[in-house]
Amino acid sequence: RDRDGTYKPFGNISFLETIALLNGIVKPSEAETKQAYENQKDFLKNYPDADWAYNQLAVFLERKIISREEIETASRANMLKRENPAYINRINVSQLFARAMNLSEESVGLIDVSDINDVPASARGNIAALVKAGVLHPRGREGKFEPYAAITRAEMAKMVSTANKYVKNNPISTKEITEKG
């Protein structure tokens with residue numbers, strides 16, 4: 001739901017909204033979240049507009065779902081702004097989903113889009129893994145992946161729903177954070 005209380009399925013999703021939604025898939029414990037925040041709070045305080053997502057970002061940093069460099073890049077791209085943030089693109093969303101779900105890269109042959117050459121080679125294996133997991137459609141958005149396009153709320157809702165079903169049947173294996181890392 002948007003700030004004005006309306007649903008906008010064709011509106012776009014921000015970087016921090018993506019992190020918050022993925023947190024529901026990762027499902028860290030309260031103890032893990034608390035320890036992750038303690039480990040990462042000094043770094044995160046450099047991004048005051050992201051304060052509402054500090055706990056999720058801390059867990060993602062500790063689990064190596066995201067790196068400090070990626071947060072710094074997101075900040076430089078105005079994706080961490082509280083008001084009118086720049087939107088996250090489909091490549092970044094795919095990489096975050098694949099890492100959050102602990103997926104291994106798969107064969108690019110699973111992807112059947114006409115703009116595959118526009119997708120960086122380094123992202124193709126993760127996109128294929130999401131196709132194999134059912135999170136992404138092999139034909140993309142009307143036959144294209146559109147790697148630099150923003151993702152819509154409707155697309156994100158489907159991805160989150162499918163990812164949750166996948167993780168329910170294929171639990172994420174990770175050891176919880178118990179010490180300063």
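How many nonpolar, polar and charged residues are in the lining of the largest cavity? Keep that question in mind while we walk through this predicted model, starting with its helices.

Let's begin with helix H1, residues 15-26, and helix H3, residues 54-62. Their axes lie 9 Å apart, and the two helices pack at an angle of about 65°. Angles of 65 to 115 degrees count as roughly perpendicular, so H1 and H3 are roughly perpendicular to each other. The crossing these two helices make is left-handed. On the H1 side, the contact is made by Phe 15, Leu 16, Ile 19, Ala 20, Leu 22, Asn 23 and Val 26, while H3 brings Gln 56, Leu 57, Val 59 and Phe 60. Sorted by class, the contact of H1 with H3 has nine nonpolar and two polar residues, with no charged ones.

Now move along the chain to helix H5, which covers residues 90-100. One partner of H5 is helix H6, residues 121-132. The axes of H5 and H6 come within 9 Å and cross at roughly 60°, which makes H5 oblique to H6. Here, too, you can look for the handedness: H5 and H6 cross in a left-handed way. If you click through the residues, you will find Ile 91, Ser 94, Gln 95, Phe 97 and Ala 98 of H5 meeting Ser 122, Ala 123, Asn 126, Ile 127 and Leu 130 of H6. Six of the residues in this contact between H5 and H6 are nonpolar, four are polar and none is charged.

H5 also meets helix H7, residues 153-169. This time the axes come within 12 Å and cross at roughly 15°. Since angles under 35 degrees count as roughly parallel, H5 and H7 are therefore roughly parallel to each other. H5 passes H7 in a right-handed crossing. From H5, the residues involved are Arg 90, Val 93 and Phe 97, and they meet Glu 155, Met 156, Met 159, Val 160 and Ala 163 in H7. The contact of H5 with H7 has six nonpolar residues, two charged ones and no polar ones. Phe 97 is worth finding on your screen: Phe 97 takes part in the contact with H6 and also in the contact with H7.

Now we can return to the opening question. A search of the whole structure finds one cavity of 30 Å³ or more, and the largest cavity holds about 40 Å³ of space. Its lining is made up of Arg 90, Ile 111, Val 113, Ile 127, Val 131, Leu 136, His 137, Pro 138, Gly 140 and Phe 145. By class, that lining has seven nonpolar residues, two polar residues and one charged residue. Two of these names have come up before: Arg 90 also meets H7, and Ile 127 also belongs to the contact between H5 and H6.

Definitions and conventions:
Residues are numbered from 1 along each chain as its sequence is written. This is a predicted model: local features need pLDDT of at least 70, side-chain atom pairs count only at pLDDT 80 or more; totals for chains, interfaces and linings use all residues. Side-chain values use heavy atoms; hydrogens and water are left out. Axes are lines fitted to C-alpha atoms, for helices over the stretch in contact, and angles run from 0 to 180 degrees between N-to-C directions. Helices (H or I, at least four residues) and strands (E, at least two) are DSSP runs, numbered from the N terminus. Angles under 35 degrees count as roughly parallel, over 145 as roughly antiparallel, 65 to 115 as roughly perpendicular and the rest as oblique. A crossing is left-handed if the near helix is turned anticlockwise from the far one by less than a right angle, and right-handed if clockwise. Contact means heavy atoms within 4.5 Å. Ala, Val, Leu, Ile, Met, Phe, Trp, Tyr, Cys and Pro count as nonpolar, Asp, Glu, Lys and Arg as charged, and the others, Gly among them, as polar. On a 1 Å grid over the protein atoms alone, a cavity is a set of points where a 1.4 Å probe fits but cannot get out, and a pocket is an open set with protein on both sides within 12 Å along at least five of seven lines; lining residues have an atom within 4 Å of a point. Grid points are joined across faces, edges and corners, and a volume is the space filled by probe spheres set on the points.
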